Amino acid sequence: MRITSITGAIMIIPLSPRAEGAVACNETHNPCEDLLWKGSRCRDGFCTNPFQGGCLRAILDSEEYNGKYSSDDTGTMESMKSLRRRLLSRPRVCNSEDGSDVVEQGLCVESENEYTEVRIYSQDWDSSMLMAWIMQIMYSELLGVPSTIESGVANKNANFYDESNRMEYGSSYDASAIENALNAKGGDCTMYKNGVDEQEYAPCAHLVMEIWFDGYDRSVESGAAEALKLVGMVAFQGWHITKFSIKRDPSLSNHFGLSGEENRRKLAETFKRPTTWRDYCTLVSTKNCSVYDGVAKRAPAEDGSEDNKYFSSGLYTGYFRVTEKNDCDANPTTCTGHALDFPCGWTSYIKQQTWHNKIALESDGNETNGGYTYGELVDIWYAANATKSDVIGLWWSPDATFSTFAGSDSALIPVLLPTTTQECLDNRVDMAKRCDPDATEIDLYGDSKGACGENHVTTRKMAVQNMQSNINTNANPKSRMSPAYDVYEAFSFTSVEINDIMGDWISRGGFDLRLATCKWMTENLDHIMKSFVPPSHPRILVPSNNSALTIAAFVFSAIAILLTIGTMGGILFKHQKGSFGRATQIEFLLLLLAGLFMVSVGSLLLAIEPSTGTCVGSIWMINVGYTTQLVPTLIRVSTIIKIVKDSMKMKIVMVDKKKMFRRSIGISGLAAIYCLFWTIFDTPHSENSLEVTGDQNEFGETIVKLSHYCDSDSDVWFYASFTYQAILLLCASALAYEMRQVPNSVNDSKHLAIMIYSSFFFLALRFVMYVVSETLSDDSQSMRAPLQNARSLFCSLDTVANILIFFSRFFVKEIDTTAKEPVNHGSDFFADNIARRGGGLTTMSRSKEPSEGVNSAATFAEDEKVEEKEDFTMEDDGHMSKSTVRIRMKGRSINMPKWVVEEMVEKLVAEYGSEINTDESDD
């Protein structure tokens, strides 16, 4: 229908079903809700689309369905009641053609599931557009998948949710739309923008839902599209004739009454040429249409928009006239009647059929091949009905025009042509040559073997080759849940269902196919949900509740942080009070605690809700923290070992503490540089982890638990990090083993070894957790977040264990059960020995009287025996070990107990630290 305004009044004029959808209105009187649906408003001279926020939502909110789905209606399934509640509670999902104002008005919501948008090729006939709309409604309203319609022509809009209610026909069988979808990154057709000028425009579509003939062979053969699949609709395309024509002459119903020279004049006289509105007013009307003559009420519009119309409801009935081509008197062997042929790009064998069957019919449209556009074809059939003029030509069913005239004298009746055989089908002309200006006669007319009639066909559908793989390999796990391809595969539609929708559309005067489509879907929601919607869909994302593991990771990371801070405070307090000797090396203890603190902070960052910031922070804290924890300890221990070894050789030991600190900080800086490169070239970021449950919410949606974890594009960074930490621990293990020979006063090898073994254990656990997370299947990705929490927990436990193992001795007084009564070899005793062995020098002991210090051979020998006897002590295992060290200086030698040497070493370490330079001395 078209709405026109005459002197302020509204007049409704029936139109052919091929109306362009947009409904004109007058601001002073708004018929939009009456003509379309509740919610439609008159804006800028046209009625707005009442289904812009979702057609199922709009219709289910009507009184009819309020009663049908009432809460006390026990005959309605609970699942359908839940579905209705969901559809009424929220609008459809937004698509790329929705502006920000549509979101602000609450007409659509952004997709929480982040599914990739699906674009469907509508093509340029009614049933194809209808099925494209059904798919768009299912995607957008039932499943939360963004979806748009590809018309194939720049600035032609066929989107079901178009604000202006446009229903613009575009192109058909355009293989480039599928090829562009194949080449789009990730299958994202939004990179091809609609609404731009023709030069910049490129069609893109993932799906074609109605294919009659082999127009997409090239796409399948090239690998751009999958093999075609059946839709289920049985259709027929072929020659048709108006029913009243057969009543007048039954011989016109088959090729026997059409073919041969004997029928040429009959066809030329019966099937006249259709006349455009402008041609009628110029060539036929005596008054140039200035006066109504029963055919035209007025001349076509001055802007030229109506010049080429063959019918305009209530304004121009159409007109069929005899032209020179119909004049068999003037052209007895070449005169022809008129037949309707399809436009370029459509499948038609009419030239091959008329030529070889000697049927004197010819199409005279403005297309290159003499065909007519879809709109012109519809107008001519309507003009035939209005004027009861005989028309023959190509058409198809199911179709709105076919259904419009079904049962009337203007019904379109198939014409019988020679029987279809496989040999005939194999000898059809190449459709690519139909409109080729360089086509030869053989290209256009082909072989006589291919001049048979048409069979009924089962329509098919097609998807771009990589549609499913793009979904399955999408980097976003939310997008991998998309049911788009599964719905496409399950979708089927019959001729009966098409005719039901077309019948409803026609019963309303061919007014608004959107309403007819949506009403059918509303009436068949149960069938749609059971037949087309995959199990466990639609889905709703729900943040995962904190598990016991998450809580444990939080708690222990907090404990680790607090324990590290408390230990650091205690160490500083005891140091302030002077409780530690110089050998304690307070600076290195603080560096060790700083590293443990960073690791515990990193474990906390792993435990909290991941973001790019927390993911980056965690790798910095853990890697730099482990370096700061272990490297200064390694430098300190290796230096102590070297001091002890050099002191045994009586080398002069020099220590540079500043150099030691520079080394420690420098190596930690290398770890920071590694983290910097990691952050720049492969920034750790938050990834989604999903768990599809068997539970449903009140709207019947399957609950998907959503959690997050940190990851990088490459796992090499993580493996390198684990390897680096393992190398540091191996080095520490070797030094701890070698430190056993160091004097007890500076020997913490036992605590260091236990701490290293503990760290090794937790590093192994963290490594196993990461490897397991990287090898999980797609169905088990929900375990990645818990596994990250486990790694956080092990970092925290590692920190707690290290503090308890290494630092508890500074706060708990140890009892030395191995201490023995020292042998009475004090400094006086060794002074006396030195004096006696000095060749007569007398050194008085500070602990003895002068008379006891007489230097005699007997006394010396006796003392020597005592020395030799006491040079060995009994070990715990029953063996004797040497407890003295013989020191030689300038030809002289003296035995000194180990404990004296140990005190010397301890003083050296305490005084100079542990960075040494050695120099041989003759003294």
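## Long-range contacts, disulfides and local sites in a predicted chain

Of the contacts in the protein chain between residues at least 6 apart in sequence, 72% join residues at least 24 apart. The model is a predicted one, and the values in this report are to be read with that in mind. The chain has 923 residues, of which buried residues make up 52%, and its secondary structure comes to 31 helices and 24 strands. Its accessible surface comes to about 42500 Å², with 54% of that area belonging to carbon and sulfur atoms.

### Disulfides

How many disulfides does the chain contain? The count comes to nine disulfides, and three of them are set out in the table below, each with its sulfur-to-sulfur distance and the torsion about the S-S bond.

| Pair | S to S distance | Torsion about S-S |
|---|---|---|
| Cys 94 and Cys 108 | 2.0 Å | 90 degrees, right-handed |
| Cys 189 and Cys 204 | 1.8 Å | about -65 degrees, left-handed |
| Cys 615 and Cys 710 | 2.0 Å | -80 degrees, left-handed |

The disulfide that joins Cys 94 to Cys 108 links distant parts of the chain, with Cys 94 in the loop between β5 (92-93) and α5 (100-104) and Cys 108 in strand β6 (residues 108-109), 14 residues apart. Are these two cysteines buried or exposed? Cys 94 has a relative accessibility of 6% and therefore counts as buried, and Cys 108 is buried as well, with a relative accessible area of 2%.

For Cys 189 and Cys 204, the torsion about the S-S bond is about -65 degrees, so this disulfide is left-handed. The pair links distant parts of the chain, although Cys 189 and Cys 204 are each placed in the loop between α7 and β9, 15 residues apart. Cys 189 is buried, and Cys 204 is buried too.

The third link in the table, between Cys 615 and Cys 710, has -80 degrees about the S-S bond and is left-handed. This pair also links distant parts of the chain, since Cys 615 belongs to helix α24 (residues 612-648) and Cys 710 to strand β20 (residues 702-711), with their positions 95 residues apart in sequence. Both Cys 615 and Cys 710 are buried.

Two further cysteines can be described by their accessibility alone: Cys 675 is buried, with a relative accessible area of 0%, whereas Cys 731, at 37% relative accessibility, counts as partly exposed.

### Helix α7 and its cover

Helix α7 spans residues 175-183, and its buried residues are Ala 175, Ala 177, Ile 178, Asn 180 and Ala 181. Which elements cover these buried residues of α7? The cover includes strand β9 (207-211), helix α8 (217-221) and strand β17 (456-463). The element β9 appears here as part of the cover of α7, and the loop between α7 and β9 is the one that holds Cys 189 and Cys 204.

### A buried serine in helix α27

Ser 759 is found in helix α27, which runs over residues 749-774, and with a relative accessible area of 2% this serine is buried. What does Ser 759 touch, apart from residues up to four places away in sequence? Its neighbours on that basis are Gln 629, Leu 729, Asp 798 and Asn 802. With Asp 798, the contact is also a polar one between the two side chains, at 3.1 Å.

### Partly exposed leucines and a nonpolar patch

On the surface, Leu 670, Ile 673, Leu 676, Phe 677, Ile 680 and Phe 681 form a nonpolar patch, with about 620 Å² of accessible area together. Among them, Leu 676 lies in helix α25 (residues 657-681). Why can Leu 676 be called partly exposed? Its relative accessible area is 40%, and because partly exposed covers the range between 20% and 50%, this leucine falls in that class. As background to the spacing of residues on a helix, an α-helix has 3.6 residues a turn, so residues three or four places apart point the same way.

Another leucine, Leu 572, lies in helix α22 (residues 548-576) and is partly exposed, with a relative accessible area of 38%. Leu 572 and Leu 589 are 17 residues apart in sequence, and their C-alpha atoms are 9.9 Å apart in space.

Technical notes
Residues numbered from 1 in each chain as written. Predicted model: local features only at pLDDT ≥ 70, side-chain atom pairs only at ≥ 80, totals over all residues. Heavy atoms only, no water. Buried < 20%, exposed > 50% of the residue type's maximum accessible area, 1.4 Å probe, protein only. Helix = DSSP H or I, 4+ residues; strand = E, 2+ residues; numbered from the N terminus. Contact = heavy atoms within 4.5 Å. Areas by Shrake-Rupley, 256 points an atom, 1.4 Å probe, with all protein chains shown as cover. Patch = residues over 30% accessible without salt bridge, like charges linked within 9 Å, V, L, I, M, F, W, Y side chains within 5 Å. Salt bridge = Lys/Arg side-chain N within 4 Å of Asp/Glu carboxyl O. Polar contact = N/O pair within 3.5 Å; in protein donor to acceptor, adjacent residues only side chain to side chain. Disulfide = S-S within 2.5 Å.
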